[in-house]
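Biologist: I'm new to reading structures, and I'd like to learn how to look at one. Could you take me through some features, one at a time?

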Amino acid sequence: MTTFEAILLTIVTASTPLLIASLGELVAERSGVLNLGVEGMMAMGAACSFAAAVTFNSTAIGVGAGVLAGAVMAALFALVVLGFAANQVGSGLAVTIFGLGLSGLIGAPFVGARRDPVAPLHLPGLTDLPVIGRLFFGQDLFVYGSLVLTLAVALYLNRTRAGLILRSIGENHASAHGLGLPVLKTRFLAILFGGACAGLAGAYLSLVYTRFWSPGMTAGRGWIALALVVFAAWRPKWVLIGAYVFGAATVLQLHAQAAQFGVPSQLLSAVPYLATILALLLLSLRHGRAIGTPGSLGVPFVPDR
Amino acid sequence: MRIELSPRASVSPIWRAIAPVLAFVTAFLIAGFVIWLMGRSPIAAFQVYVSQPLSDPWALQEILVKATPLALIAIGLSYCFRANLWNIGAEGQYVIGAVVGSWIALKTHGTDAGAWVLPAMLAAGILGGALYGLIPAFLKTRFGVNEILTSLMLVYIAQLVLDYLVRGPWRDPKGFNFPQSVTFDPAATLPPIFDAGRVHYGAVFAAVAVLVTAVVLGRTLFGYRLRLTGDAPRAARFAGFSAKTTTLAVFAISGGLAGLAGISEVAGQIGQLQPSISPGYGFTAITVAYLGRLNPIGILVAALVVSLTFIGGESAQIMLKLPLDLTQAFQGILLLCVLAADALVSNRVRIVSRGGVR
């Protein structure tokens, strides 16, 4: 396997958690809820999945625990922003702080443990093809799952009645409520989906990407996932493209660090964060303000009766 | 079962005062539950977290020490939050303030430069933090870029800048390769207020910031303008208040105060630059600002209360082997409870069972 192939493979691995988390956030934001808790939900997903996988010696149980942890955090967030109509920015931030702390508590006994690699797909013949074989037919199941998820979210939002209802609630919750659409219920489910995705992305980080747990290992990926949604103008297809561009940037800076160009490693480590700011800036330069923003995004909903 | 909210016609002042207390008690109960889940005694934890620090003179002093940066940053953030602007990058502004201020300390190191060094460091810290805070503000006002994400990304970048400096050009050549700068000269050190104490003049800056802010918010046109921009942006526009100027001003103020907190901490407490100069003050200050209901006096009280959780967390780590992360988890749940309690202030809450009252 050439270095070039290896780089392409790691780009896929680095992009997948960003893609999964962004898709979840996209659905939540399309329903009108700004969930800044992604980073915390992701950290909880990473810690709980790793703890469960080590305890039960099962990757499947680990993934299940990660998804569940993300969803439980999301339910907490939903209780506060939907049940109490609290400020979404502050509450999301609180969930992130809480999740980062709690994940440290849960993961503490598992620092130093390692998991075996998750077996990738192997199709005799196809996987052994030169160059493209491993890239297209030799990934782990999460990668294929994330691509199916992208398609599913796109179809759900644009081709189904339920997706139309979700979008209309996100666009104008007062009108949607007037039409008798279930604003809070739809938002609750959308937040849960977002949390489950963040949890899954976290599980991927600790079980596949690093295969160990360390506190703060999400390293801002949850925030980058949030930025990707803005960058993608709330469209699943562009989330896919954006996630892979960012994944590539992350991997290339790691390779650049290893190659020692004489550039400070900290400068290269800052590339993903600088790229996020730059991407948001370029987007705004092109469109004036972020296009595609759901009309009711971030506005608490209290039905008048 | 679901929760039903209906807006209150008028907000009673009693609720307004009780809400943060209620939130604090709820957060404590949740934290106690988590500790119980971990197989520890919540009562023993409560003693270590709250009772002991409050009965120990050394710990009481430490509470003031840690409350100082919290209050300074939170006061600054209250300007942003009042105008409904989301500066969540105070941690980065704190770090850059510390870095820029320390630059003067390191340039004058061993030169016998005199009494101007310390004031210059403090001014540079404020300036550095303010300029760093102005980046997301400028990106927002000029290009419409969301300030939440940019201000947060700048935190990571600031930490990497600090890391680069203390491992690279600013590393103490005689420091056995430790990633840290030289120890500041006495002329570049913020002295303690009392000779034997650890409380340094940063506490005075915090007190001044509280008083000035109380006057500015309550008695000046600028304070009125902030409240109007936050509560009724359209009305503020009709009144001729430029949202852009307000944005730039509040980010500069909060960045400057975070920078002052940063340089005060480095020059007063730590005495040198090192990779880690904050246990997350910039993020915790968000909790402090809300727990204090964005009111200067409230923030002062909240800073002392939240500072207690830092001290308690440290002794709980030593005495009960409870990880420090518990403190962070508690601060997160506290912010969540404070925001939820705000809903109780402005709304009537009823729990309705399914098929119940329509």
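Modeller: Sure, and let's begin with a single residue. B:Glu314 has a relative accessible area of 33%, so it counts as partly exposed. Keep in mind that this is a predicted model.

Biologist: Which residue does B:Glu314 form a salt bridge with?

Modeller: Its partner is B:Lys66, and the closest N and O atoms are 3.6 Å apart. The cut-off is 4 Å between a side-chain nitrogen of Lys or Arg and a carboxyl oxygen of Asp or Glu, so this pair passes. B:Glu314 sits in helix α12 of chain B and B:Lys66 in helix α3 of chain B, so the bridge ties together parts that lie 248 residues apart in sequence.

Biologist: Is B:Lys66 buried or exposed?

Modeller: Buried, because its relative accessibility is 10% and the limit for buried is under 20%. B:Lys66 also forms a salt bridge with B:Glu62, where the closest N and O atoms are 3.9 Å apart. B:Glu62 is buried too, at 4% relative accessible area. Both B:Glu62 and B:Lys66 lie in helix α3 (residues 57-82) of chain B, four residues apart, which is about one turn of the helix.

Biologist: Which residues are linked in a network of salt bridges?

Modeller: They are B:Glu62, B:Lys66, B:Arg198 and B:Glu314. Over all chains, a search of the whole structure finds six salt bridges. Another one joins the side chains of B:Arg167 and B:Asp163, with 3.0 Å from N to O. Here again the two partners share a helix, α6 (residues 147-167) of chain B, and are four residues apart. B:Arg167 counts as partly exposed at 41% relative accessibility, while B:Asp163 counts as buried at 17%.

Biologist: Now the two chains together. How many salt bridges does the rule find across the interface of chain A and chain B?

Modeller: Zero across that interface. The count of residue pairs in polar contact between the chains is two, with both residues at pLDDT 80 or more. Now look at which residues face chain B: by class, that side of chain A has 33 nonpolar, twelve polar and two charged residues.

Biologist: How many residues are in contact, and how much area do the chains bury?

Modeller: 47 residues of chain A are in contact with 43 residues of chain B. Between them the chains bury about 3900 Å², with 82% of it on carbon and sulfur atoms. In chain A, the residues that lose the most area to chain B are A:Phe84, A:Leu105 and A:Gln266, together 17% of what that side buries. Among the helices of chain A that each supply at least two residues to this side are α3 (59-83), α4 and α13 (271-287). The largest share, 13 residues, comes from α4(A).

Biologist: Where is A:Ser91, and what does it touch?

Modeller: A:Ser91 is in helix α4 (residues 88-107) of chain A. Leaving out residues up to four places away in sequence, A:Ser91 touches several residues, including A:Phe77 and A:Val80 in chain A and B:Leu336 and B:Leu339 in chain B. Its relative accessible area is 0%, so A:Ser91 is buried.

Biologist: What about residues that are far apart in sequence? How far apart in space are A:Leu207 and A:Gly62?

Modeller: Their C-alpha atoms are 8.0 Å apart, although the two residues are 145 apart in sequence. A:Leu207 lies in helix α9 (residues 183-209) of chain A, and it is buried at 1% relative accessibility. Beyond its neighbours in sequence, A:Leu207 touches A:Gly62, A:Val63 and A:Arg115, among others.

Biologist: And cysteines? How many disulfides does the structure hold?

Modeller: A disulfide is a covalent bond between the sulfur atoms of two cysteines. This structure holds zero over all chains. For A:Cys197, the nearest cysteine sulfur belongs to A:Cys48, 16 Å away. The sulfur of B:Cys337 is 20 Å from its closest cysteine sulfur, also in A:Cys48, so it is too far for a bond. Both cysteines count as buried: A:Cys197 at 4% relative accessibility and B:Cys337 at 11%.

Biologist: One last thing, backbone angles. What is phi of A:Trp234?

Modeller: It is near 60°, a positive value in a residue other than glycine. A:Trp234 is in the loop between α10 and α11 (236-259) of chain A, and is buried with a relative accessible area of 3%. In chain B, B:Leu294 has a positive phi of about 60° as well, and is placed in the loop between α11 (281-291) and α12 (296-320).

Note on methods. Residues numbered from 1 in each chain as written. Chains lettered and ligands numbered in written order. Predicted model: local features only at pLDDT ≥ 70, side-chain atom pairs only at ≥ 80, totals over all residues. Heavy atoms only, no water. Disulfide = S-S within 2.5 Å. Buried < 20%, exposed > 50% of the residue type's maximum accessible area, 1.4 Å probe, protein only. Contact = heavy atoms within 4.5 Å. Buried area = accessible area lost by both parts, 1.4 Å probe. Polar contact = N/O pair within 3.5 Å; in protein donor to acceptor, adjacent residues only side chain to side chain. Nonpolar A, V, L, I, M, F, W, Y, C, P; charged D, E, K, R; others polar.
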